[in-house]
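Please look through the structure below slowly, keeping the sequence beside it, and follow the paragraphs from one part of the chain to the next.

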Amino acid sequence: MGHLGLDTMACPDCDLPQTIPQLPPGGSARCARCQETIARNPSDPIDRPLALTVGAAIVYLLANLTPLMGLSAVGREATTTIAGGAHEMWVQGSEITALAVAFCAVIAPGGYIAFMLTVLLAVRHPPAPPWVGTMLRFAAFMQPWSMNEVMLLGILVALIKIATLADVNPGVGIFAVGVLIVLLAAIAATFDRHEVWTRVQWADGSLPPPEPDAPPAAGARA
Ligand SMILES: [Zn+2]
């Protein structure tokens, strides 16, 4: 399925109502008055975010399974992973912080990546079964809670404190977290929720109408 045929919408920038023609793959449409890009038909709306999501899954595993950093002081050495760090916080009485780290750095990004992988694989050959729509909602719920950058900031602050007491060696994990942050942003930038939505079949076998929370502009969809 390509993009919908003729579509009427108001320019989000200057409110000029206009008809959007069918766009070729890779094409985009500009507002006739203010030149703002108002519609786009990405050339590979599924495969590009899919490739990024596969990359993110690999980097996520690296970030969680390899040590973030190693510490050595007076002849003793220790390394820690994200989960190890959260466990340590819990043991030391910071249960709330430990739960926040576990959710924002492990559960939410892991869930987001898993749901996105499922959705993108399922819609490669439309129509996708109705449960894919539910998965899409789960992914949207998890996305804002994936806050590895907050964790990275916390780690850097902690490192600066610790660095005066011990030798700190960055591990593979901390670089993986950095790459993961970039990949998660790239997925969000290339993912076209609307395009995915048009490929999901409804429970009664029909294709869905426009998404309920989509902007109310596209009323005339033939
Ligand atoms: Zn305009």
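Along the sequence, the residues that donate to the zinc ion follow the spacing C-x2-C-x16-C-x2-C. These protein donors are the SG atoms of C11, C14, C31 and C34, and they lie 2.3 to 2.4 Å from the zinc ion; donors here are N, O and S atoms within 2.8 Å of the metal (3.2 Å for Na, K and Ca), and because water is not among the atoms, sites may look incomplete. The model is a predicted one, in which local features need pLDDT of at least 70 and side-chain atom pairs count only at pLDDT 80 or more, while totals for chains, interfaces and linings use all residues. Residues are numbered from 1 along each chain as its sequence is written, and side-chain values use heavy atoms, with hydrogens and water left out.

What arrangement do the four donor atoms around the zinc ion make? It is tetrahedral, because the angles they subtend are 106 to 117°; the rule for four donors is that all angles lie between 85 and 135 degrees. For comparison, the ideal angle for four tetrahedral donors at a metal is 109.5 degrees. Of the donor residues, C11 counts as buried because its relative accessibility is 0%, whereas C14 counts as partly exposed because its value is 22%. In these terms buried means under 20% relative accessible area, exposed means over 50%, and partly exposed is in between (1.4 Å probe, protein chains only).

The next part to follow is a hairpin, which is formed by β1 and β2 with six residues between them. Strands are DSSP runs of E with at least two residues, helices are runs of H or I with at least four, and both are numbered from the N terminus. Strand β1 covers residues 7–10, and its covered face carries D7 and M9, while T8 and A10 are on the uncovered one. Four bridges join β1 to strand β2, residues 17–20, and the two run antiparallel; two strands pair if DSSP finds at least two bridges between them. Within this pairing, T8 stands opposite T19 in β2.

In the loop between β1 and β2 lies D15, which has a positive phi of about 70° although it is not a glycine. Most residues other than glycine have a negative phi. D15 is exposed, because its relative accessible area is 57%. A second residue with a positive phi is Q35, whose value is near 70° and which is likewise a residue other than glycine. Q35 lies in the loop between β3 (28–30) and β4 (37–40), and it counts as partly exposed because its relative accessibility is 45%.

Back in strand β2 is the place of Q18. Is Q18 buried or exposed? Q18 is buried, because its relative accessible area is 13%. Its side chain reaches the backbone oxygen of L16 at 3.0 Å, and a polar atom of that side chain also lies 3.1 Å from the backbone nitrogen of A32. Leaving out residues up to four places away in sequence, Q18 touches several residues, including the zinc donors C11 and C31, where contact means heavy atoms within 4.5 Å.

Farther along the chain, L62 is found in helix α1, residues 47–65, and it counts as partly exposed because its relative accessibility is 38%. L62 and V172 are 110 residues apart in sequence, yet their C-alpha atoms are 7.5 Å apart in space. Besides V172, L62 touches G173 and A176, not counting residues up to four places away in sequence. Another such pair is M147 and P109, 38 residues apart along the chain, with C-alpha atoms separated by 7.7 Å. The place of M147 is in the loop between α4 (131–142) and α5 (148–162).

Finally, consider the protein as a whole, which has seven helices and seven strands. Read along the sequence, they follow the pattern β-β-β-β-α-β-β-α-α-α-α-β-α-α. Buried residues make up 36% of the 222 residues. Among the contacts with a separation of 6 or more, 60% are between residues 24 or more positions apart.

Notes:
Tetrahedral: all angles 85-135°; square planar, octahedral: opposite > 155°, others 65-115°. Polar contact = N/O pair within 3.5 Å; in protein donor to acceptor, adjacent residues only side chain to side chain.
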